Amino acid sequence: MRLAAPVLRQLLTAGAIGVLVFLLMRVIPGDVVDVLGIEGDLTEAEQQALRIELGLDAGWGTQFLRWVGGALAGDLGLSLRYNRPVAEMIGYALPHTLTLAALALGLGLALGVSVAAVAAARPSGVWPGLVQVLNVWSIALPTFCVGLAGILVFSIWLGWLPVRGQILMPVLVLGIDIAGQIAKPLHEELKEILATPFIRSARAKGLGPGAIVLRHVLPNAAGVLSAVSGLILAGLVSGALTMEVLFGLPGLGSLAFQAIAGRDWTVLQSVVVLFALGVIVANLLADLAHRLADPRVR
Amino acid sequence: MPEAPLSGWRLADSLDGPASAPVSPWRVPLLLLGAVALLALLGPLIAPQDPLWQDLAARNVSPRPGAWLGTDNLGRDVLSRLLAGARITVLVASGATALALAVGAALGLTALAAGALPASLVFGVIDLIRALPSVLLGLALMVALGTGVGPVTIAIGLSFAPTFAVVARQAWLRERAAAYVEAAVASGTHPAVILRRHIAPNVAGALITQAAIILPRAVTTESVLSFLGLGVSPETPTWGRMIAAGLPFVERAPHAVLAPVIALSVLTLLLALAGDRIRAAADPLRMGTR
């Protein structure tokens with residue numbers, strides 16, 4: 001079981017992130033009662049009563065054990081601010097974020113891999129140029145800027161899409177960004193593999209360039225994808241957060257942003273640990289996919 | 001078939017292509033960046049208006065002579081606000097990058113120098129922090145530290161510091177294993193001399209390269225934070241806040257949003273181009289190949 005050790009280490013990492021996030025939030029000045037107090041003109045006595053009701057008067061250790069104990073039993077507790085179950089709020093937000101991330105990743109992979117593959121198969125056409133354009137695009141243009149420009153052009157001037165609540169533009173913005181990160185390194189790797197002897201024998205056998213790229217070259221280039229996957233995932237998480245806030249999507253990013261602004265610690269700590277778990281699981285999946293695709297590491 | 005470069009890929013490869021012009025164009029982004037820095041520095045002197053002065057009779061006015069970039073929803077001059085915002089952006093982004101480099105490198109190198117146990121402890125914590133989404137970390141730090149130029153700089157600086165520690169460790173480990181360091185050790189050179197003469201210059205090169213990568217990201221992060229209302233104080237004009245304030249009125253006054261968006265895109269583009277040239281210049285493997 002070569003996967004057991006990395007899985008265990010990653011799970012320990014997730015646990016440590018839970019502790020870290022918990023401590024980080026307790027260091028932030030002000031709590032949910034202060035926020036509610038400013039909004040609702042609560043008296044000093046009312047604020048104190050509310051703190052006791054929410055369990056915020058207990059020490060950090062007690063609060064932490066309460067959270068961990070509940071989480072392990074499947075209960076993430078109530079939102080301090082909205083008095084709703086945290087699991088319910090996450091359950092509502094999670095599909096939005098997963099949809100955005102999955103579509104963006106799918107588009108990015110499809111676009112990046114196909115452009116790089118066609119460019120490798122037809123080095124004389126416009127495709128290598130497209131690889132370079134994608135690469136420059138993703139390095140030089142932050143998704144925040146591209147998203148705003150997209151709002152201006154497609155929502156305001158052309159009026160094709162609503163400003164808020166649509167998912168098409170965030171998916172395009174993040175997907176093209178991911179494609180740019182993939183296409184260039186993959187193209188370099190593909191060109192290198194194409195120059196190796198076993199490709200020459202495949203060509204001598206009479207295989208066409210398309211079949212060679214699909215059957216012999218791409219599986220061997222899977223290592224490049226798993227090498228850039230960590231970077232892409234980190235960018236995808238941060239990008240999804242920004243896009244959700246920018247386009248007013250009700251996902252985990254918007255939830256986390258509101259929880260920070262409202263000092264809603266029970267929501268925030270569960271969301272952040274979920275994010276960390278998501279990145280960890282995705283990294284393991286990328287590793288697994290690499291093992292399955294690349295004959296040399298199988 | 002041309003040999004594919006083995007060690008990474010750079011933006012310049014994409015821009016120049018194999019048959020690049022004989023005149024090195026790499027000064028252009030640097031010159032333009034110098035111009036931006038100068039504009040940011042001289043902003044208050046050359047701005048046509050006080051960036052905070054409101055002319056409520058002339059709200060959302062389109063660009064025209066006298067108000068070259070128009071006015072925003074409170075009748076404030078967009079050009080003057082853009083210049084004032086440039087100042088904040090340049091200040092915060094360069095300050096944050098310098099802070100991240102100093103904190104990350106100091107932490108990482110001290111831990112490495114102190115031995116295996118402190119190093120594994122410090123880098124364990126750093127790896128944890130790196131597993132958190134950087135936007136969330138920046139947001140949390142921002143809330144913890146409060147608003148203002150200083151706190152924003154510190155929040156962005158601290159959230160990027162771990163990447164510098166990791167880069168310092170990579171460079172350190174690479175140099176420690178290098179044959180010439182081994183030779184220096186074998187010939188009895190004092191460890192402090194090896195550190196100063198052989199390892200430090202190469203680690204510094206890696207850190208500067210990383211700073212060139214981080215600087216445009218710091219610019220974007222500053223804008224995102226102030227767009228979210230968490231940047232410097234609400235009265236101070238910043239690009240992110242100009243965008244946030246202009247969006248509700250964008251149909252009547254697109255210029256009030258367009259101006260900061262274009263300014264932000266151009267600045268990050270220039271920084272990416274210039275940073276790429278710096279990386280090429282700092283990379284000893286590629287020196288003289290171009």
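These are short questions and replies on a predicted model of chains A and B.

Me: What makes Leu80(A) count as buried or exposed?
Reply: Its relative accessible area is 9%. Buried means under 20%. Therefore Leu80(A) is buried.

Me: Where is Leu80(A) found, and which residues is it in contact with?
Reply: Leu80(A) sits in the loop between helix H4 (60-72) and H5 of chain A. Beyond its neighbours within four places in sequence, its contacts include Val32(A), Leu54(A), Leu56(A) and Trp265(A). Contact here means heavy atoms within 4.5 Å.

Me: Why is Leu45(B) called buried or exposed?
Reply: Leu45(B) has 72% relative accessibility. Exposed means over 50%. So Leu45(B) counts as exposed. This residue lies in helix H2 (residues 27-46) of chain B.

Me: What makes the nonpolar surface patch that holds Leu45(B)?
Reply: Leu38(B), Leu39(B), Leu41(B), Leu42(B), Leu45(B) and Ile46(B) make it, with an area of about 590 Å². Patch residues need over 30% relative accessible area. Leu45(B), at 72%, passes that cut-off.

Me: How many salt bridges does the rule find across the interface of chain A and chain B?
Reply: The rule finds 0. A salt bridge needs a side-chain nitrogen of Lys or Arg within 4 Å of a carboxyl oxygen of Asp or Glu. The buried area between the chains is about 3800 Å², and carbon and sulfur atoms give 85% of it. Phe144(A), Leu152(A) and Ile260(A) supply 14% of the area chain A buries against chain B, more than any other three residues.

Me: Which elements of chain A have the lowest and highest mean pLDDT?
Reply: Helix H2 (residues 32-40) of chain A has the lowest, 73, and helix H5 (residues 86-121) of chain A the highest, 89. Chain A averages 81.

Note on methods. Residues numbered from 1 in each chain as written. Chains lettered and ligands numbered in written order. Predicted model: local features only at pLDDT ≥ 70, side-chain atom pairs only at ≥ 80, totals over all residues. Heavy atoms only, no water. pLDDT = per-residue confidence, 0-100. Helix = DSSP H or I, 4+ residues; strand = E, 2+ residues; numbered from the N terminus. Patch = residues over 30% accessible without salt bridge, like charges linked within 9 Å, V, L, I, M, F, W, Y side chains within 5 Å. Areas by Shrake-Rupley, 256 points an atom, 1.4 Å probe, with all protein chains shown as cover. Buried < 20%, exposed > 50% of the residue type's maximum accessible area, 1.4 Å probe, protein only. Buried area = accessible area lost by both parts, 1.4 Å probe.
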